[in-house]
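Visitor: I have just opened this one and would like a walk through it. Could you take me along step by step?

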2 protein chains.
Amino acid sequence: MRAYGMLSTVPSTTPLSESTLLAALAPAGGRQSAVGDVSDTAVRIMLAAADAFAQRGFHATTTRDIASRAGLSPAGVYVHFTSKEVLLFELSRRGHERARDLLVEAAAAADSPTEALRAIIGGFSRWHAEHYELGRIVQFEFRHLRPEHRDAVLGLRKEIDQVVAGVLRDGVDTGEFAVTDVPATALALLSMAIDVARWYTPDVRRTPAAIEATYGELAFRLVRPGEALAASVLS
Amino acid sequence: MRAYGMLSTVPSTTPLSESTLLAALAPAGGRQSAVGDVSDTAVRIMLAAADAFAQRGFHATTTRDIASRAGLSPAGVYVHFTSKEVLLFELSRRGHERARDLLVEAAAAADSPTEALRAIIGGFSRWHAEHYELGRIVQFEFRHLRPEHRDAVLGLRKEIDQVVAGVLRDGVDTGEFAVTDVPATALALLSMAIDVARWYTPDVRRTPAAIEATYGELAFRLVRPGEALAASVLS
DNA sequence: GTCTATATCCTGATAGAC
DNA sequence: GTCTATCAGGATATAGAC
């Protein structure tokens with residue numbers, strides 16, 4: 001994410017425009033089944049669970065719910081996932097990985113910290129709208145993971161933090177940004193994007209594309225230098 | 001919230017510095033019992049439920065959990081609240097009312113839109129840290145309310161939105177702010193503050209007071225005019 | 001790999017004594 | 001207003017036939 005322009009053959013908008021939950025679960029180059037190395041039935045179960053978890057929450061969702069949405073008997077789920085919590089973990093892990101990949105790719109493809117910031121915060125916000133179901137699971141069902149699974153996901157969350165903080169530091173170095181507290185600003189930027197998953201529904205008037213543009217712009221406003229500082233940089 | 005300076009005898013920091021969950025549940029002038037018109041036992045139950053709901057979520061909390069934390073038998077709860085969901089509603093309603101009151105008072109006590117914005121976003125953020133338990137219930141357990149209770153709370157949420165949007169419009173009118181999309185900016189500002197309840201715990205290094213200062217400052221950065229616009233206002 | 005059937009335990013809420 | 005005891009149903013997960 002520091003080598004701006006080096007990977008610019010990867011257009012930053014392509015990975016951000018996928019619109020199905022299935023796409024959000026799939027790794028970038030997956031091919032064998034729809035989602036990497038798992039069976040189609042397992043994918044059907046994950047999609048059913050994602051739907052239910054996002055709609056009602058982890059603990060309000062029953063294994064019978066998931067099974068019947070996936071067209072299976074209650075017992076059929078356990079051939080593919082050893083427990084309901086493991087199913088949550090799989091969704092959470094894949095969702096975090098996908099979100100992180102989007103950020104890393106968008107940052108790498110940008111030609112400047114300003115472009116990178118717009119791309120990552122705009123793209124992250126759009127992702128939380130387009131995939132608001134998976135986004136809710138990733139962001140709001142986290143605490144229902146068992147400790148070992150929580151720890152695994154925490155590592156991915158730190159990577160996401162680091163992408164944002166890295167772009168901010170780069171922009172401070174080039175003078176494009178004036179940020180007094182990089183970790184706090186990174187956190188606030190992520191908060192704006194994460195919260196999209198809370199309020200967004202397909203009924204809402206704003207489109208994911210509009211959200212991308214608006215939040216990319218708001219992100220830049222939050223870090224741009226003020227009048228005095230801008231003047232000193234320009235002189 | 002438009003009569004800046006009219007209520008400046010009410011210091012804006014007083015309502016923001018209360019630090020117990022009990023204080024967050026109490027209406028500003030309540031006196032009879034600790035929390036308005038309800039019995040001490042009902043308050044004990046609400047505190048126990050708030051603790052449990054914030055820690056584990058509504059559906060993962062059992063009525064036996066709540067009862068034992070409140071020092072009651074499982075049946076004892078039902079004398080004071082007719083169902084677990086009604087208990088959630090009471091917490092949610094009181095929490096929303098308290099948060100709204102803080103915003104309204106902080107906005108009214110400020111001498112300018114700039115001060116008002118710092119006070120409401122800083123104060124709202126601080127509230128979500130100091131009362132992160134009630135904050136989580138208010139912000140993240142909302143969907144587990146029954147439809148009629150959700151509707152009641154939705155009205156309060158709209159009032160909160162309106163306070164923020166009103167301050168933004170006032171600042172645009174005076175030229176202190178340059179905001180292209182008031183509803184979107186109000187939403188993003190609220191997102192920053194709301195998300196504090198998700199990540200804050202007492203273990204975290206930032207204090208609620210530091211969060212208030214940081215987020216008040218970030219809020220202003222998001223709306224301040226750019227160089228060109230600032231110059232035209234000053235000339 | 002999927003089913004039917006079921007074990008085992010837990011859930012929200014209530015009945016009725018004190 | 002609080003208790004003990006309990007209802008009636010639902011929860012996750014497993015056993016064993018096909």
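**Where protein meets DNA**

Guide: Let us start on the DNA side, where a polar side-chain atom of B:T41 lies 3.4 Å from a phosphate oxygen of DNA strand D. Please keep in mind throughout that this is a predicted model.

Visitor: Okay, and what does the backbone of B:S73 do at DNA strand D?

Guide: A backbone N or O atom of B:S73 lies 2.7 Å from a phosphate oxygen of that strand. From the other chain, A:K84 has a polar side-chain atom 3.0 Å from a phosphate oxygen of DNA strand D.

Visitor: Which residues come nearest to DNA strand D?

Guide: There are 16 residues around DNA strand D, and the ones that come nearest are A:T62, A:R64, B:S73, B:V79 and B:H80. By class, the surface near this strand divides into five nonpolar, eight polar and three charged residues.

Visitor: And on the DNA's own side, what share of the atoms close to the protein is sugar or phosphate?

Guide: Of the atoms of DNA strand D within 4 Å of the protein, 57% belong to sugar or phosphate, while the rest belong to bases. For DNA strand C the corresponding share is 56%, again with the rest in bases.

Visitor: Then let's move to strand C. Which residues come nearest there?

Guide: Of the 14 residues around DNA strand C, those that come nearest are A:S73, A:V79, A:H80, B:T62 and B:T63. The surface near DNA strand C is made up of five nonpolar, seven polar and two charged residues.

Visitor: Which phosphate distances can you give me for chain B at that strand?

Guide: Polar backbone atoms serve in two cases, with B:T61 at 3.2 Å from a phosphate oxygen of DNA strand C and B:T63 at 2.8 Å from one. For B:Y78 it is an N or O atom in the side chain, which sits 3.0 Å from a phosphate oxygen of the strand.

Visitor: Where does UniProt put the DNA-binding region in chain A?

Guide: An unreviewed UniProt entry places the feature "DNA-binding region" at residues 62-81 of chain A. In the model, the end C-alpha atoms of residues 62-81 of chain A lie 14 Å apart, and the span is 35% helix and 0% strand.

Visitor: Changing topic, how much area do the two protein chains bury between them?

Guide: Chain B and chain A bury about 3,100 Å² between them, with 51% of it on carbon and sulfur atoms. In chain B, the residues B:R143, B:R221 and B:L222 supply 19% of the area that this chain buries against chain A, which is more than any other three residues supply.

Visitor: B:R143 again, please: what does its side chain meet?

Guide: The side chain of B:R143 meets that of A:E141 in a salt bridge, at 2.8 Å from N to O. Across the interface of chain B and chain A there are four salt bridges, and the count of residue pairs in polar contact between these chains is 15.

Visitor: Which helix gives the most to chain B's side?

Guide: The helix α8(B) gives the most, with eleven residues on the side of chain B that touches chain A. The residues of that side divide into 20 nonpolar, nine polar and eleven charged.

Notes: Residues are numbered from 1 along each chain as its sequence is written. Chains are lettered from A and ligands numbered from 1 in the order in which they are written. This is a predicted model: local features need pLDDT of at least 70, side-chain atom pairs count only at pLDDT 80 or more; totals for chains, interfaces and linings use all residues. Side-chain values use heavy atoms; hydrogens and water are left out. Buried area is the accessible area (1.4 Å probe) that two parts lose on being put together, summed over both. A polar contact is a pair of N or O atoms within 3.5 Å; within protein, one must be able to donate a hydrogen and the other to accept it, and residues adjacent in sequence count only if both atoms are side-chain atoms. Helices (H or I, at least four residues) and strands (E, at least two) are DSSP runs, numbered from the N terminus. Ala, Val, Leu, Ile, Met, Phe, Trp, Tyr, Cys and Pro count as nonpolar, Asp, Glu, Lys and Arg as charged, and the others, Gly among them, as polar. A residue is near a molecule or strand if one of its heavy atoms lies within 4 Å of it. UniProt positions are given in the numbering used here, feature names are shortened, and annotations may be inferred rather than shown by experiment.
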